[in-house]
Amino acid sequence: MNNIFVTQPTLPPFEEMVESLKDIWDSKWLTNNGKYHQIFEEKLTQFLNVPYISLFANGTLALVSALQTLRIAGEVITTPYSFVATTHSLNWNGITPVFADISPDNLNLTPEKIEAAITPKTSAIMPVHVYGNPSPVEEIQRISDMYGLKVIYDAAHAFGVDYKNTSVLNFGDLSVISFHATKVFNTFEGGAIISHDLTTKRRVDYLKNFGFADEVTVVGPGINAKMNEFQAALGVLQLKHIDKAILKRKEIDLLYRKELLSVNGLTFIEYPENIKPNYAYFPIFVKENFPVSRDELYNIFKEKGIYVRRYFHPLISQFPTYRGLESANKKNLPVAEQTAREVLCLPIYPDLPLNEVSRVINIIHSISRTKRCTNHKLEKENV
């Protein structure tokens, strides 16, 4: 039996990749706004229905550059329930992260907690569309307007997600997406910043290329964050197959929902009717009345060659780098703390066969029919 991973990269046909690589090789233009970079940027803007896109070597560099673009300083309110790159991007810019708690319904920042965390030093809010589920964008915009704050969305999971018939990437001052190999859409590594006007896009493009405005003029302390031609060519090819890939993810998502709905002690996120999801992840939450703990279930799957993920555990606020912050106190983050203890992301990717999905489901059902012993171990004969 092959091992099953929580996610695996989706790739276009090998022959298409070889043809593109040969074209790049023959052109001898390997990076810095080459042919494929320009084609990918144009096609991606059209596909996502957003005004302007700037391509990056990876999503973390895009986050760092987005903060530079808007000249953010002081304190930024953000979530502890994310991948650590969200907070690292603040740290690299000399910004103090201020953690606020999340909503139990969608696991995104709670507007009331955001507003309560604002101080005279606050300059921006950096929410995350967790698992691709949109943050409460109208409420966050209301808060930002009231207090004069910028909003940069970490939209790493939100490729292709629509909210009220528009791309969720169109909210906030900037949105940042990731094309990492584990994402719904990937270029091996990669990322992008979505801007709303040409002036902002130009500044983003200067900053990602050392600050060069032309051959002899540097207008800012930029960084080398450009996407190379191979990444861009892969992105052009991936766009041909992304709709089909998302439909396959949807099929797996629906199967999980149907078969796990009746399992006592497990819950999962419900998508609101006003969004078009991308089915990026399928997290379940292991409650106290399930026969085993989240970590025990994680280890059972691992022993069977099914590599699920406790995503996100631990919280960013509990890493040694950040746990000394006043806002990292566990008492301030009860929902995030509980969620991090319970979450387990099940395998979901387009090439995952449905019989393997059924295998995952059957293991959970088998465990759910057992009884917890006094030492909190499963009755071995029932596993």
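**Exercise 1. The enclosure of helix 8**

Task: In this predicted model, determine which residues of helix 8 are buried and what covers them.

Solution.
Step 1. The buried residues of helix 8 are E229, Q231, A232, A233, L234, G235, V236, L237, Q238 and L239.
Step 2. These make up 10 of the 11 residues of the helix, so helix 8 is largely enclosed by the rest of the structure.
Step 3. The cover over the buried residues includes helix 1, helix 2 (35–48) and helix 9.
Step 4. At the N-terminal end, helix 8 is capped by N228, which has a side-chain oxygen 3.0 Å from the backbone nitrogen of F230.

**Exercise 2. The packing of helix 1 and helix 8**

Task: Describe how helix 1 and helix 8 pack, and identify the residues that make the contact.

Solution.
Step 1. Helix 1 spans residues 14–27 and helix 8 spans residues 229–239; the angle between them is about 140 degrees, and their axes are 10 Å apart.
Step 2. The crossing of these two helices is right-handed.
Step 3. Helix 1 contributes E16, M17, S20, L21 and I24 to the contact, while helix 8 contributes E229, F230, A233, L234 and L237.
Step 4. Sorted by class, the contact of helix 1 with helix 8 comprises 7 nonpolar, 1 polar and 2 charged residues.
Step 5. A general rule helps in reading such lists: an α-helix has 3.6 residues a turn, so residues three or four places apart point the same way.

**Exercise 3. The sheet of strands 13, 15 and 17**

Task: Establish the order of the strands in this open sheet, and state which strands stand at the edges.

Solution.
Step 1. The sheet has 3 strands in the order 13-15-17, and the pairing is antiparallel.
Step 2. Strand 13 (266–268) and strand 17 (343–346) stand at the edges; each has a single partner strand, so one side of each lacks a neighbour in the sheet.
Step 3. From one strand to the next, the twist averages 35 degrees.
Step 4. Strand 15 (residues 282–286) and strand 17 run antiparallel and are joined by 4 bridges. In this pairing, F285 stands opposite V343 of strand 17.
Step 5. Helix 9 (residues 242–260) packs on the sheet and touches strand 13, strand 15 and strand 17; its direction makes about 25 degrees with that of strand 15.
Step 6. Helix 10 (residues 294–303) lies across strand 15 and strand 17, at about 25 degrees to strand 17.
Step 7. In strand 17, V343 and C345 point one way, L344 and L346 point the other way, and all are buried.

**Exercise 4. Two serines of strand 9**

Task: For S175 and for S178, decide whether the residue is buried or exposed, and find which residues S175 touches and which residues S178 touches.

Solution.
Step 1. S175 is found in strand 9, and S178 is found in strand 9 (residues 174–178).
Step 2. The cut-off for a buried residue is under 20% relative accessible area. S175 has 0% relative accessibility and therefore counts as buried. S178 has 9% and therefore counts as buried.
Step 3. A polar atom of the S175 side chain lies 3.3 Å from the backbone oxygen of F171. The S178 side chain reaches the backbone nitrogen of H180 at 3.1 Å.
Step 4. Leaving aside residues up to four places away in sequence, S175 touches Y153, V168, L169, A192, I193 and I194. With that exclusion applied, S178 touches A156, K183, F185, G190 and G191.

**Exercise 5. Backbone exceptions in loops**

Task: Locate R71, Y131 and P314, and state what is notable in the backbone at R71, at Y131 and at P314.

Solution.
Step 1. As background, most residues other than glycine have a negative phi, and most peptide bonds are trans.
Step 2. R71 is not a glycine, yet its phi is positive, at about 55 degrees. R71 is placed in the loop between helix 3 (59–69) and strand 3 (75–78). Its relative accessibility is 62%, so R71 counts as exposed.
Step 3. Y131 also has a positive phi, near 60 degrees. Y131 lies in the loop between strand 5 (122–126) and helix 6 (137–147). Its relative accessible area is 3%, so Y131 is buried.
Step 4. The peptide bond from H313 to P314 is cis, with omega near -10 degrees. P314 is found in the loop between strand 16 (306–307) and helix 11 (334–342).

Key: Residues numbered from 1 in each chain as written. Predicted model: local features only at pLDDT ≥ 70, side-chain atom pairs only at ≥ 80, totals over all residues. Heavy atoms only, no water. Axes fitted to C-alpha atoms, helices over the stretch in contact; angles between N-to-C directions. Left-handed = near helix turned anticlockwise from the far one by under 90°. Contact = heavy atoms within 4.5 Å. Nonpolar A, V, L, I, M, F, W, Y, C, P; charged D, E, K, R; others polar. Pairing = 2+ DSSP bridges. Buried < 20%, exposed > 50% of the residue type's maximum accessible area, 1.4 Å probe, protein only. Polar contact = N/O pair within 3.5 Å; in protein donor to acceptor, adjacent residues only side chain to side chain.
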